[in-house]
Amino acid sequence: MEKEKATVPFKPVRLATSAALGTLNENYYRDLANAKADGKPVIWITSMTPIELIYAFDGIPFLPENYSALCSSRKVAAEFCESAEGRGMPQGLCSYALCMFGSIFEQRGALGDEGAGKPDILLATEGACATHPKWWEAMQRQFNCPLIIIDAAYTVDGDMLPEHHKSYLEAEIKKAAYELEEYTGRKFDIDRLREVVTLSDRASELWDEIDEMRAAVPTPVTQIDVFTCLFALVTLRGTREAVEFYEQLRDEVKERLDNGVGAIPNEKFRLIWDLFPVYHNMRLLNYFAEFGAAFVTDLYGNAFSGRVDASDPFGSLAERYLSFFMRSASLGKSELYKQRIEKYHVDGIVFHSNRCCRCFSAEQPETGQILREELGLPSMTFEADMVDPRIFDDAQVKARVETFIEMLEARKYPK
Amino acid sequence: MESEFYESYSKRHELAEGWKKAGKGIIGYFCNYTPEELIYASGMIPVRIRGTAENIALADAHLPTFCCSFIRSCLDQALRGRYSYLDGVVFPKTCDMTRCLPGIWKRNMKPPYFWFLPVPGKSNDDAVDFFTGELALFKESLAGYTGNKIDNESLNKAIKVYNENRSLMQEINKLALDDTPPLTGSEVYAIMLSGLILPKDEHSAMLRKLLDNLPSSQKTVNGGVRLMIAGNTFENIELMQAIEECGGTVVIDDLDIGTRYYWNHIEESDEPLKSLADGYLRRIPCPCKHLTQPRIENILKLANDYRVKGVILINQKYCDTHLYDRPMIENSLQQAGFPVLLVEHSDIGWAGGKFKTMVRAFIEMLE
């Protein structure tokens with residue numbers, strides 16, 4: 001079959017709002033660099049930590065995972081991972097961790113600078129995986145600063161959240177607030193937390209609104225825009241800046257929607273991206289676009305959105321962080337995709353089998369089987385590492401993409 | 001005598017099928033954090049689900065090859081029908097892989113009884129209270145499935161039976177405090193493995209018989225360099241034998257399935273569920289629990305008590321939580337004067353020759 005392949009690599013028209021992200025980024029890193037002078041505590045947190053607590057203490061949260069992603073997109077991850085391995089960190093560790101350790105050891109950062117500096121406090125939540133607290137323990141040995149761990153139990157099924165699971169996490173978050181009082185010397189202010197929670201909720205609401213708009217045909221935003229614009233939700237959730245940014249983003253997406261403007265020209269196929277970005281090769285997403293394949297939904301971004309309620313800040317934070325779709329022992333992700341496949345008019349799913357993130361990749365084959373058997377949804381899988389480019393085989397992955405597209409073409413547009 | 005233990009382990013599926021035919025119910029379970037006492041008290045026989053060194057045939061369609069060989073092999077064995085005698089299966093929340101497997105197992109194996117046991121990551125009072133509540137739910141579910149009443153009396157009886165087995169296993173370990181231990185490391189390992197399968201009363205009877213007869217047996221092991229092995233679990237008993245062939249002798253371990261399985265006792269009390277929650281959470285932690293320091297201190301204590309010359313630190317390939325511990329344990333041991341050999345292990349495709357070369361060089365260095 002003849003492939004309709006563009007001769008010039010596809011360059012999407014980026015959202016104007018994504019340019020505003022540059023300013024957010026700059027402001028954030030400036031605040032981080034000035035934290036000491038400003039007398040603000042720098043608290044290093046894991047991705048599924050209730051970040052609202054940090055903002056309630058007027059602290060600066062720093063997410064090493066996000067930073068390693070930045071290092072990867074700035075092409076310094078390979079040397080950082082190598083450096084960490086050279087200093088005795090085992091090969092095969094989560095590359096977020098390896099890359100971050102490399103940056104710490106080298107005292108160099110993503111932007112040719114001296115790196116992220118030091119935390120005043122380390123705070124890990126047993127939120128996404130069992131390795132987060134291990135990684136934070138290892139960093140505590142490095143920095144010799146206080147370590148807070150928020151524990152949370154896993155449920156058998158994310159849809160049925162038992163009350164005692166909620167109260168256990170709620171108590172853990174409250175204890176973390178006491179510890180933060182002790183380590184920062186600041187008084188916890190429940191009204192300030194309510195404000196932050198309101199802002200966090202609003203950012204999530206806007207994110208969900210944008211996510212809903214992606215269901216339009218043609219879809220108005222690219223997956224690259226979604227991944228990049230996620231920064232504000234990941235790092236600034238609970239701030240006014242994040243809300244303003246997402247209002248602007250929502251307006252722009254809405255405008256595209258109203259004018260029938262698609263993110264890519266000639267949208268022919270609509271796909272799901274599962275799950276992690278390949279930070280060192282975001283252009284892979286554009287390669288799909290060359291064949292008219294657009295990504296119309298994903299769960300990665302939604303992992304960071306979640307509604308919270310200022311009238312019950314601790315309780316609703318507990319519920320929100322327990323509702324994260326990977327926090328169960330069932331194959332819950334496939335249920336979430338099933339709900340989206342019709343709504344978003346999905347033709348297929350692409351699995352990024354993320355070699356260093358065993359726990360988020362382990363159930364992909366089963367998810368693929370469920371979607372194929374129950375809904376006839378085709379899938380493709382390619383292996384990569386989200387941060388570390390050293391094992392990535394560009395030609396092989398592209399060949400897979402081409403084969404997958406041919407198959408989709410034959411199914412959707414039979415001759 | 002020692003070979004009886006190994007035989008019962010290697011014939012574990014035949015044994016279990018025999019129990020099944022005799023009308024017994026059998027529950028498979030994962031990890032050290034499943035309080036087996038509850039299963040025992042329900043009248044069912046708990047058996048540990050294990051993989052083998054056999055190549056993967058069926059599991060690769062369900063799990064990526066970069067998942068640990070233990071979890072892949074367990075699923076593979078189940079898909080091959082080796083665990084068809086199980087009435088049910090229990091998954092505690094321990095490492096990420098043990099949390100990922102239940103959904104896949106349930107969908108493909110359709111076990112009549114299935115339970116996921118949420119285990120907290122911490123071991124403080126709140127965590128113990130939470131876990132006590134979870135054990136009450138587990139107890140109710142087991143009682144509902146079996147139709148048997150589980151009360152304080154039956155639980156305390158189970159705790160007693162299990163504690164007795166723990167004490168006997170520790171006595172076996174203590175034999176190696178002697179300069180010329182009567183049992184080799186691989187013999188002790190086989191004895192321990194059989195305890196994962198055999199009902200504890202039966203296993204304890206065998207242990208007592210062995211201990212009673214030991215004084216008359218010859219002290220067979222001497223001259224071997226005293227070693228400790230720490231880290232993950234492994235299936236190949238040949239690995240222990242290989243160490244002996246290289247001139248070493250393992251006198252103590254800190255393995256997932258090793259001393260950490262039976263080192264801590266459970267208190268008999270009028271609140272047995274709370275005792276179980278307390279005892280299981282406050283045992284020497286698996287690397288998937290927090291914090292790591294108590295485990296490191298225990299490793300150092302054992303290394304000193306058992307006067308080892310060096311430590312083999314064995315890590316299952318792709319086991320994230322053990323990988324994080326590795327540098328911390330390695331540094332702590334070296335600072336305390338114990339040389340460390342790092343071994344990356346996979347039961348599947350295990351290369352005995354390569355392993356022996358490493359161990360031989362390590363032992364030469366120690367001598």
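Biologist: In which loop is B:Leu291 found?

Modeller: In this predicted model, B:Leu291 is found in the loop between α12 (272-281) and α13 (293-305) of chain B. The peptide bond that joins B:His290 and B:Leu291 is cis, with omega of about -5°.

Biologist: Which residues of chain A does a cis peptide bond join?

Modeller: The bond joins A:Val217 and A:Pro218, and omega is about -5°. A:Pro218 has its place in the loop between α8 (190-213) and α9 (223-235) of chain A.

Biologist: How should I read a sheet, and what is the strand order in the open sheet of chain A?

Modeller: Strands of a sheet pair through backbone hydrogen bonds, and the pairing is either parallel or antiparallel. Here, 4 strands form an open sheet in the order β6-β5-β7-β8 of chain A, with parallel pairing. Each of the edge strands, β6 (293-298) and β8 (379-384) of chain A, pairs on one side only. From one strand to the next, the twist averages 30°.

Biologist: How many bridges join β5 of chain A to β6(A)?

Modeller: Strand β5 (residues 269-274) of chain A is joined to β6(A) by 5 bridges, and the two run parallel. Opposite A:Ala294 in β6(A) stands A:Arg270.

Biologist: Which residue that is not a glycine has a positive phi of about 60°, and is that residue buried or partly exposed?

Modeller: The residue is A:Asp58, with a positive phi of about 60°. A:Asp58 lies in the loop between α2 (51-56) and β2 (60-62) of chain A. Burial is judged by counting neighbours: a residue is buried if 20 or more other C-beta atoms lie within 10 Å of its own, and exposed if 12 or fewer do. A:Asp58 has 15 C-beta neighbours inside 10 Å and therefore counts as partly exposed.

A second case is A:His345, which is not a glycine and has a positive phi of about 55°. A:His345 lies in the loop between α13 (332-343) and β7 (348-354) of chain A. With 14 other C-beta atoms within 10 Å, A:His345 is partly exposed.

Biologist: Why is chain B described as being as compact as a globular protein of its length?

Modeller: The secondary structure of chain B comes to 15 helices and 8 strands. Its radius of gyration is 20 Å, close to the 21 Å that the globule rule gives for 367 residues, so chain B is as compact as a globular protein of that length. Buried residues make up 53% of the 367 residues in chain B.

Biologist: How many residues does each chain give to the contact?

Modeller: Chain A gives 37 residues and chain B gives 38 residues. On the side of chain A that touches chain B, α6(A) gives the most, with 7 residues. By class, that side has 20 nonpolar, 8 polar and 9 charged residues.

Notes
Residues numbered from 1 in each chain as written. Chains lettered and ligands numbered in written order. Predicted model: local features only at pLDDT ≥ 70, side-chain atom pairs only at ≥ 80, totals over all residues. Contact = placed C-beta atoms within 7 Å. Nonpolar A, V, L, I, M, F, W, Y, C, P; charged D, E, K, R; others polar. Pairing = 2+ DSSP bridges. Axes fitted to C-alpha atoms, helices over the stretch in contact; angles between N-to-C directions. Rg over C-alpha atoms; globule rule 2.2 N^0.38 Å.
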